[in-house]
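I opened the notebook to look up a few local features, one at a time. The entries follow in the order in which I made them.

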Amino acid sequence: MRTSSRAPGTIVSLSFAVIALVLATPQPAHGQFVKKLKKTVKKAAEEEALVSADQLVRGKVRCMFDDLQCIKSAEESGQDYVLTDDDGEVLLDDDGQLVSDPNEAAAMLGEEPPTDMADAVTNFEFEPGETVLFEEDFEASNLGDFPRRLKFLNGNMEVVEWNGGRWIRATAGSAFAVKLPRVLPDKFTLEFPIFYGHGNQWMRIAFRDPEGEVVKPRGMGWYKWAHLQLDERNTGIQDIDQDGPVSLTRAEFTESPATIQMMADGDHVKIFVDQRRVAN
């Protein structure tokens, strides 16, 4: 984990959680058996279709149907991509095949064909900070212990060796804090790797002052009302009190470790997953 200044102590709080939900289904009455059976068969077919679709998109980059920059980046890097609608749902044609043509996708959704903006000038690159405020590789901590430089809040966490390096592993819903040497400036960056064992895991990062209150920076910094949200359905910036802007998209964290990069500049913030911008 590295927090850097790009251009007054604060705490960066990170939370891990695993959520499991088991639903109990009552037994149907005999007279409803045939009707229930039909519904069960239909549901099973739908679930099988969903599993097949999930297998089709596994390991592929997800691009919104009109995000031509995402499609271009995937093609230039040799990565396969799939197109999604505005809600992040993967688009399939009538034969159950992935849609890869943005114009076909737009027609399916009843939208205007995306405009080619290849000549537009923009910045999709992550720019790391110049001064390191905090950096931790867990090498100073004993395996099996909670990291020495972090503040334990709750849960169950330990330092482990995995995938060629040291990691902090949470085996239950957990939270810890990182105290920085000074309050974050208007311009700063944050970088760290993350990996989930399955899709029902998520992580949040909130920025707080030493008293635990949400940071109120000198300017109108976005992080006085928002936190960084990381899960497979919603990754990006999420408002805390349901009254601020939201910028979320899908991301992949279960196939292999992903690198998270965050770049803040006053009112503006960008989130990258493996160098692909997912929130702005």
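Which residues does Phe-253 touch, not counting residues up to four places away in sequence? I worked on a predicted model, where local features need pLDDT of at least 70, side-chain atom pairs count only at pLDDT 80 or more, and totals for chains, interfaces and linings use all residues. Residues are numbered from 1 along each chain as its sequence is written, and side-chain values use heavy atoms, with hydrogens and water left out.

With contact taken as heavy atoms within 4.5 Å, I listed Ile-194, Phe-195, Tyr-196, Leu-230, Asp-231, Glu-232, Thr-235, Ala-258, Ile-260 and Val-273 for Phe-253.

I then looked up the nonpolar cores (buried Ala, Val, Leu, Ile, Met, Phe, Trp, Tyr and Cys residues joined through side-chain atoms within 4.5 Å; buried is under 20% relative accessible area, exposed over 50%, partly exposed in between, with a 1.4 Å probe and protein chains only). The largest core has 34 residues, and Phe-253 is among those that touch the most other members, together with Phe-192, Ile-194, Leu-228, Leu-230, Ile-260 and Ile-271. A second, separate core of twelve residues includes Cys-63, Ala-74, Tyr-81 and Val-99.

Cys-63 led me to the disulfide (a pair of cysteine sulfur atoms within 2.5 Å), and I found that Cys-63 is joined to Cys-70 with an S to S distance of 2.0 Å. The torsion about this S-S bond is about -70°, so the disulfide is left-handed. Cys-63 is buried at 0% relative accessibility, and Cys-70 is buried too, at 8%.
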